[in-house]
Amino acid sequence: MGGQPMFILSDDSERTRGEDAQSSNIEGGKAVSESVRTTLGPKGMDKMLVSDSGDVVITNDGATILGEMDIEHPAAQMIVEVSETQEDEVGDGTTTAAVLTGQLLAKAENLLDDDVHPTTIVEGYHEAAELAHEAVDEIVVDETVDDDVLRNVAETSMTGKGTGDVGAEALAETIVEGIRRVENDGVAREDITVRTQTGASSSATELVEGVISEEEPVREDMPATVEDASIAVLDVEFDIRESNVDAEYDVGSVEDLNAAIDAEESQFEQYADALADLDVDVAFVTESVDDRAAAHLADEGVLAFESVDDDEAKAITQATGASRVGAIDDLEADDLGNAERVSVESFADDDLVFVEGGAAAESVTVFARGGTDHVTDELERALHDGLDVVTAALDAGGVVPGGGASEVAIAAYIRDHAASIEGRRQLAVEAFADATDVLPRTLAENTGMDPIDALVELRSRHDSEGRAGIISESQTGTVTDPVEAGVFDPAAVKHEAIESATEAATMIVRIDDVISADN
Ligand code: ADP
Ligand code: MG
């Protein structure tokens, strides 16, 4: 080929290369991680996020904050993904993972300035991450976690979140009770759900043994409460198809019209009779119910719900043992489910139906209350964190001391092993340990302690006693043993944070060319 330059990019695309690309990516990543740093830990502050349309979200949850932010920078977007992965995999530690990623990038930037090659940094970080995983395994506190520890884990994950006036302690109790109900050779996490309802103080939050769905009875004169209920779940339209009517009746006179109406009426009656014959007390119908059919159902004392959505129908069949049936004629006694109690309760705007004591499965629902939507929303996020960490602690490798103690131990472990690592990679391994320090440092800072003094004290207490964390009591933080203070995180949360932060940081460091199409 001759001297002609070859153009493979359109004129509109932008290209940044080499150190410019690297530093722009690193700065973007650091900026995003910095934005959630102040929310870390029990004394972390909340963020108020306002969308274009004026919707407001107030939260302390890292994944929620990053998810709501409108982030365009591609490398910054990767930090958002780190927190999403963390949320999906273990349900907690999203701020931790984002802050660690940012600090790994900051330390990498220093190394790049000192002419350490990106590949060396990547190798060193991976090696350090291996050591960090080993360190986490070493500090696992108690492989068989009892209820006290579980309550502590739940509480640790919720402190700092605005839980209204209920307090993390009471919520933790509810969470552990709920998880124990659905535990049977592993936690069936999908059998425990959270349902929120605004309009009462959050201290009214309670555990309901069953499912709650947002449905109102098709008629007000149906029974509001049924004990020992036989339950049908029907994918049936309680109506008469117009085409049938047209085909069967040629309405030419008043008599004909009356006959047609009678025939329809008797069809509606048959629906109700069919249910009554099988002693059905409650019918969840996924399609619509005609008013006249509803009247007959009410006459038979059947409590019926229409247009029940698919997920709710599924949850009800699972809890009660009912099978979904697609035609009234096919309904048999075998298809019916059972629950100790089905009751309808009215709240400000909504009716909720409680299906409790289902015969088939131990589904439970945490019924979360709060004075305002903002409170219930944040309470719901806190409950999900609590449920997830208790599940992780039971099913995925136990718990480690919280309050930054794990990170102090991880950094110490890495530094111990770094000396034996050859060449410049050693610098990267040490940089990883230094990056890990950001977590205890930030916890100290957010509790109003001097971060440098705190770190010095943490290290010396760690060396002498093997364990030291920042524990925030009422006003300030102190350096204490987190195990004595009952502050624990699941080991799985730490493993996941190390994994995803390392992956994202090394990916960003490796990029030396950014080509963006302009469109
Ligand atoms: P993340 O999104 O990473 O879970 P959090 O804001 O929930 O962020 O903070 C988690 C950190 O706070 C963990 O390191 C945990 O051990 C620590 N932590 C939680 N409760 C306490 C407490 N009472 N005292 C000290 N540290 C705590
Ligand atoms: Mg948390």
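Ala, Val, Leu, Ile, Met, Phe, Trp, Tyr, Cys and Pro count as nonpolar, Asp, Glu, Lys and Arg as charged, and the others, Gly among them, as polar. This is a predicted model, where local features need pLDDT of at least 70, side-chain atom pairs count only at pLDDT 80 or more, and totals for chains, interfaces and linings use all residues. Residues are numbered from 1 along each chain as its sequence is written, and side-chain values use heavy atoms, with hydrogens and water left out.

Q: What makes the lining of the largest cavity 7 nonpolar, 2 polar and 2 charged?
A: The lining is T96, L100, A132, E407, I410, F432, T436, L439, K494, A497 and I498. Sort these by the classes above: T96 and T436 are polar, and E407 and K494 are charged. That fits the split of 7 nonpolar, 2 polar and 2 charged.

Q: Which helix gives the largest share of that lining?
A: That's α18, with 3 residues; helices here are DSSP runs (H or I, at least four residues), numbered from the N terminus.

Q: Why is the T94 pair with ligand 1 called a polar contact?
A: A polar contact is a pair of N or O atoms within 3.5 Å. An oxygen atom of ligand 1 is 3.2 Å from a polar backbone atom of T94, so the pair makes the cut. The protein buries 94% of the 570 Å² that ligand 1 exposes when taken alone (Shrake-Rupley method, 1.4 Å probe).

Q: How do the residues around ligand 1 divide by class?
A: Into 6 nonpolar, 12 polar and 3 charged.

How values were computed
Chains are lettered from A and ligands numbered from 1 in the order in which they are written. A polar contact is a pair of N or O atoms within 3.5 Å; within protein, one must be able to donate a hydrogen and the other to accept it, and residues adjacent in sequence count only if both atoms are side-chain atoms. On a 1 Å grid over the protein atoms alone, a cavity is a set of points where a 1.4 Å probe fits but cannot get out, and a pocket is an open set with protein on both sides within 12 Å along at least five of seven lines; lining residues have an atom within 4 Å of a point. Helices (H or I, at least four residues) and strands (E, at least two) are DSSP runs, numbered from the N terminus.
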